[in-house]
Amino acid sequence: MGDDYPSLFRAFQALLMFSGTKSNLGSEQMSLVQLYIPTEVAHDTVAELGELGNVQFKDLNPTVNPFQRSFVGEIRRFEDMARRVRFFASQIEKETDVIPIRPLYDSAPLITVGPSAAHNIDELDVTLAEHETRLLQMNASYKLLSERTKELVEARHVLRETAGFFEKAETQQTDIRTSFDDSSAPLLQHDDRENQYSSTVQFDLEFVAGTIDRARIPTFERVLWRVLRGNLYMNHTDITEPFVDPETGSETRKNVFIIFAHGDALLAKIRKVAESMGATLYPIDANADKRSDSLREVTARLEDLQTILYNTKANRREELVTIGENLARWRDVVRKEKMIYEMMNLFNYDVRRKTLVAEGWCPTRDIAIIQVALGHATEESGTSVVPILHELRTNKKPPTFNRTNKFTEGFQAIMDSYGVATYQEVNPGLFAIITFPFLFAVMFGDIGHGLIIFFAAVYMIMNERKWAKGGLGEIMSLFFFGRYIILLMGLFSVYTGLMYNDIFSKSLHIWHSGWDFPESNGTLHGVSNGHVYPFGLDPGWHGADNALVFTNSYKMKMAIILGVIHMTFALCLQLPNHIKFKRPLDIYANFIPQMIFLQSIFGYLVVCIIYKWTIDWTKVTTEPPSLLNMLIAMFLSPGSVDSESQFYPGQGFVQVVLLLLAMVCVPWMLCMKPYFSGRRCRRFRAKGMWGLIMTVLATVPMRCWKSKKKDGDTDKSCQEQHDFGEVVIHQIIHTIEFCLGCISHTASYLRLWALSLAHAQLSEVLWSMTMEGVLGMEGIFGMIVITFTTVMWFSMTVAILCLMEGLSAFLHALRLHWVEANSKHYEGAGYAFTPLSFAKVDVNE
């Protein structure tokens, strides 16, 4: 594979590259550079740097209104082009039949640099405008034709339903309520008058016919009944097929209605009520021959309109297919061009307005690559004027940049979510590559479950070329981004599963067990046979009555040991930070007393746990002491140790010494730093320098604060003034937080034991409730039951134990790194390096 797609065996190389430099555990060394770019090559230079993606430009016009900058016209032009591209994309998405969009990697590139760049951009602008005009015309025509088609369809339904009603009236004589004007006049003509006509029935009543939304029919009937006081006859039927809005795609169900009434006043009221409720009225003749002619005419016009509508839709689809062929590259070009001119708006013109001046941060070791890119941009533009780059000396605070690749970016993202590291502070993301999956595996340890997530990660890695090109959805994108984290979590889970000797709640008999169970009546008691199981937990403990007691004690003590080691390591990361930032006082006032305090209490507890494990208590006359009671008695009754619970000779003296060391460390942390800070202030004051310092600090901080608010830059000469009282308060808070945190954080690592126990017990319960009851079944029915149960067991294992339990263990491992470890050393007061990069911006924006 190429460099862009590292294989698994290149993981070690990725680890070596992750720290940024060969000898530095912190972020990349950054340089502030200044560029003098001739205006004729400015566009191509910024485009080349955007492809390179390692320069973060500064805004040199902070006081200039965005609408008054030099390249506002170009930005507005590309915003209009971007609007057209978004319009095309929305039209393609609304199509019911999928229209293929040619991916960017399969599209011919559009040249936007060099002498022909301006001409190509103008052609693109004209092309987008032409496509937009044609598409808008087609949309308007399609909408108008759809509305006319809808009206004709409704008219056809009204004609058909009214014809059916009149045909029904011919065969059935219905008593209709008489009007209030003439109570003796029937609503229908007498039979002798009806016989005057050959094929129709004539009415004295006039009628109103039309269509209305089906959901409004009940309301429509009640309103008409109350308004007309019952002087009407209404009939309505459903239209089976729905009406689809061509713009929104929403469906509407309608009914055909016909209302008979007597008198113009009542008919006028009916029309007003119908129109107010969104009904559409159609003029229908009472004569059957005229209705038949109207129906034939409507049907003929509807067929013509449907033919025209089909052709319009086909032409519109052809237009969208043509757009889909080029949409990805249009969107990419417009996005890049807009970014280029937004960056150029950050630059300054020189006095003659022939050269643009730019400033920005870049990694120091990439300066040579940037200079090569500047020369390449000059060649592409066809000119001989080369941009000039030189490095500036500054005391401003650079951004933090940790160089990553696909293997390490997930771990770095975890640390950056907690806070961006201070510039060149020790980067904990480097060590999280090992500690994060290991702590996860301690809680998740199972060989089978570890192999499931391991092979899931391997599958994602093997298909990363294909998956990186297509949309995976929000959830799958998160899993794909962390595929290398999942890979290591699965690998470490297999390791801890071997340590626990646990595979799907069962044990492995790889070597000879150290326990024999001789046959006896009743309970079997394990007898040591002299063998020692070489790796992991002895399988003889599996199924024993006291297995839970043993594993509980083992995992609880292991959690304490791992927690203290992890906190000690995190505390040790203070030392390179203090050395790097030249803070020797913090080494003596913070690091050393904190290390002594932690080790004198919890380091001592870890040593006692390991020492207790080394003793064969079957050969000792005394009972094994409780380490928890020992630690409590160490504080409540220092120096006095009961002979029956004595752990080792001289225990009382050792505990008194350790307790005194811990007690001394508290005032040490409280007083040392404020004392030396106050002493240094008095020394400055005695030399007559205090007035000068206060004068400088009174004028500088406001300007420095504005600069920091603007782009995160600070000056060493602009450091915040620390009053002696503030130093004291800060040190008191820091001391209390550390002392209490040592206790609470050590207890917090017990989650390693709790989640490991819960995971093992849940796996055992799932096995006993599914597979254990069906494994002995025989015959065809037994095979069917076993197959079904196996599928159900595996599905629940993946869904519950791998996904749900895995996410739970992931979150707890995240908390142990963010709170318990990072709080010991991590400042996180930096700001991220955000260079101009075309590769890191979402194409769909």
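These are my notebook entries on the nonpolar cores, a surface patch and the salt bridges of this structure. I am working from a predicted model.

**Entry 1: nonpolar cores**

I started with the largest nonpolar core. It holds 71 residues, and F436, F597 and L752 touch the most other members. I then looked up which element gives the most to this core. That is helix α18, residues 584-613, with 12 residues.

Next I listed the contacts of F436. Leaving out residues up to four places away in sequence, F436 touches I414, I485, M489, F810, A813, L814 and H817. I also found a second, separate core of 47 residues. Among its members are V41, V46, I92 and L320.

**Entry 2: a nonpolar surface patch**

I turned to the surface. Y495, L498, I510, W511 and F535 make a nonpolar patch of about 450 Å². I picked W511 for a closer look. W511 sits in the loop between α15 (483-500) and β12 (515-516). Its relative accessibility is 43%, so I logged W511 as partly exposed.

**Entry 3: salt bridges**

I noted 29 salt bridges in the structure. I looked up three pairs.

The first pair was D59 and R69, whose side chains meet at 3.1 Å, N to O. Both residues lie in the loop between β2 (56-57) and α3 (72-94), 10 residues apart. Is each partner buried or partly exposed? D59 has a relative accessible area of 28% and is partly exposed. R69 is at 17% and counts as buried, because the cut-off for buried is under 20%.

The second pair was R77 and D122, with a salt bridge of 2.5 Å, N to O. R77 is in helix α3 and D122 is in helix α4 (residues 117-171), so this bridge ties together parts that are 45 residues apart in sequence. I checked exposure here too. R77 is partly exposed, with a relative accessible area of 29%. D122 is also partly exposed, at 36%.

The third pair was R815 and E820, which meet at 2.9 Å, N to O. R815 is partly exposed, with a relative accessible area of 34%. E820 is buried, at 0%.

Last, I followed shared partners. Salt bridges join R77, D80, R83, R84, D122, D125 and E132 into one network. My second pair, R77 and D122, belongs to this network.

**Entry 4: recap**

For my index, I filed F436 under the largest nonpolar core and W511 under the surface patch. I filed R77 under the salt-bridge network.

Technical notes: Residues numbered from 1 in each chain as written. Predicted model: local features only at pLDDT ≥ 70, side-chain atom pairs only at ≥ 80, totals over all residues. Heavy atoms only, no water. Core = buried A, V, L, I, M, F, W, Y, C linked by side-chain atoms within 4.5 Å. Buried < 20%, exposed > 50% of the residue type's maximum accessible area, 1.4 Å probe, protein only. Helix = DSSP H or I, 4+ residues; strand = E, 2+ residues; numbered from the N terminus. Contact = heavy atoms within 4.5 Å. Patch = residues over 30% accessible without salt bridge, like charges linked within 9 Å, V, L, I, M, F, W, Y side chains within 5 Å. Areas by Shrake-Rupley, 256 points an atom, 1.4 Å probe, with all protein chains shown as cover. Salt bridge = Lys/Arg side-chain N within 4 Å of Asp/Glu carboxyl O.
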